[in-house]
Amino acid sequence: MAVVGLGYIGLPTAAALASQGVEVRGVDIDPDTVRAVNRGEVRFVEPDLAGAVAGAVASGRLRASQEVPVADAYVIAVPTPFKADRQADLTFVRAVAEEIAPRLGPGALVVLESTSPPGTTRQVSRWLAELRPDLVFPCEGARAVDVHVAYCPERVLPGRIMVEIVTNDRVVGGLTPACAQRAAELYRTFTQGALHLTDAESAEMTKLAENAYRDVNIAFANELSLVSDQLGVDVWKVIELANRHPRVQILAPGPGVGGHCVAVDPWFLVSSAPEQTRLMRTAREVNDAQPAHVVRQIVAAARTRPGEPVACFGLSFKANIDDLRESPAVEVVQAVAAELTDVPVLVVEPHVRELPASLAIHDQLRLVTAAEALDQAGVLALLVDHDAFTAIEPARLAAAAVVDTRGRWRQRP
């Protein structure tokens, strides 16, 4: 079988399948990624993934290539970013459909994992049908089909992918019940969690609903933090006390929402039904505005320590990983550097070796160690709660002005 797209989801999926004895060909357009996988290496930080990939490659069950092979099953795990108008960009999905179409044979399975607007799986089937009129696809309404097409979204947490890809329940949506059953057979190979079979559109909607739910609740926490700042109240104390109510569970505020899921997926719903998604749109707007609020806090603190370096701790979109996609921390650092042009801005991110291009253009930005930042900076801003940062002793923070967006450096009474 083949897994197309060897990124944060595709590569763990390929490794999980190979670990259960499945012969897997991984496909990626990036030659560096292909070479790394064939050496048994991983180019990003994810606990336990490197060992799984190394073992799968050593056993001969996982190989990578830039070319799509002939296979009996294809899992599509390529990016689905949004365009400038926040409509889903399905360019990569369409490109994969065009690549696999000539290689399909009777009995083949095509599973889309990429997060997509409702109707995308059916559209993939239509594209394949147009390219292969000699085969019968489920989009044509036939009960007996040559190629089964289904949707099975990932639902894993970065930093725990190799655990959750096995233990979490999965939603498997087929364009027909037989398509769902066929896809479920594949996922039962490595999934210990329950498999919930449904139609493709419901599965697509479920994935978007999960992330929109998170986004709305994070927006509430972020808005609560804005109100608390305005009123001079400690939001972390408020949340701690409110969460002692048996039916209240407020999430943690932060510098914004990042990653390729929660920060992106709600827009797929908003664009699909703009008149019916006022709450989701507002939540997105609240969370997208949060980095600017944090920038104002950091700049205000810097004005109280004129000329002293500002240190920003963290660039990734969540703790203990190196994923910078849609990261609000990157946005914050970039805006701080643009605002404080005459002040050195020190960046601490232990999971990367160099600054991303959007930050490297600022001359006063430097990537430093935590120890260097603590020794040199007059303003310390916690943007990501990496374990290495939350373990810093309070005494090391006492002499600086602190902006704590994660509530982990807060002095509790």
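Which residues does Tyr187 touch, once residues up to four places away in sequence are not counted? In this predicted model, the list runs to Val75, Val111, Glu113, Cys152, Arg170 and Leu195. Tyr187 also turns up among the residues of the largest nonpolar core that touch the most other members, along with Met1, Leu17, Val24 and Leu62. That core holds 39 residues. As for where they come from, two or more residues each are supplied by helices H1 (10–19), H2 (31–38), H3 (49–58), H6 (161–167) and H7 (177–187), and by strands S3 (62–65), S4 (73–76) and S5 (109–112). H1 chips in the largest share, with six residues. A second core sits apart from this one; it has 37 residues, including Leu104, Ala108, Leu112 and Ala212. As a general backdrop, nonpolar side chains in soluble globular proteins tend to be buried together.

Zooming out, the protein chain is built with 15 helices and 13 strands. Its radius of gyration comes out at 23 Å, close to the 22 Å that the globule rule gives for 413 residues, so the chain is as compact as a globular protein of that length. The C-alpha trace spans about 70 × 50 × 40 Å along its principal axes. Some 53% of the 413 residues count as buried. Contacts reach a fair way along the sequence, too: taking those between residues at least 6 apart, 69% join residues at least 24 apart. On the outside, the protein chain exposes about 18,400 Å², with carbon and sulfur atoms supplying 52% of that area.

Two spots show the buried and exposed ends of the scale. Thr115 lies in the loop between S5 and helix H5 (120–131). Despite the loop setting, Thr115 counts as buried because its relative accessibility is 7%, below the 20% cut-off. Leaving aside residues up to four places away in sequence, Thr115 touches Thr80, Tyr151, Glu154, Lys207, Leu208, Asp265 and Phe268.

Leu231, by contrast, counts as exposed, because its relative accessibility is 61%, and the bar for that label is over 50%. This leucine belongs to helix H8, which covers residues 200–231. Leu231 also helps make a nonpolar surface patch of about 320 Å², together with Val227, Val233 and Val238.

Conventions:
Residues numbered from 1 in each chain as written. Predicted model: local features only at pLDDT ≥ 70, side-chain atom pairs only at ≥ 80, totals over all residues. Heavy atoms only, no water. Core = buried A, V, L, I, M, F, W, Y, C linked by side-chain atoms within 4.5 Å. Buried < 20%, exposed > 50% of the residue type's maximum accessible area, 1.4 Å probe, protein only. Helix = DSSP H or I, 4+ residues; strand = E, 2+ residues; numbered from the N terminus. Contact = heavy atoms within 4.5 Å. Patch = residues over 30% accessible without salt bridge, like charges linked within 9 Å, V, L, I, M, F, W, Y side chains within 5 Å. Areas by Shrake-Rupley, 256 points an atom, 1.4 Å probe, with all protein chains shown as cover. Salt bridge = Lys/Arg side-chain N within 4 Å of Asp/Glu carboxyl O. Rg over C-alpha atoms; globule rule 2.2 N^0.38 Å.
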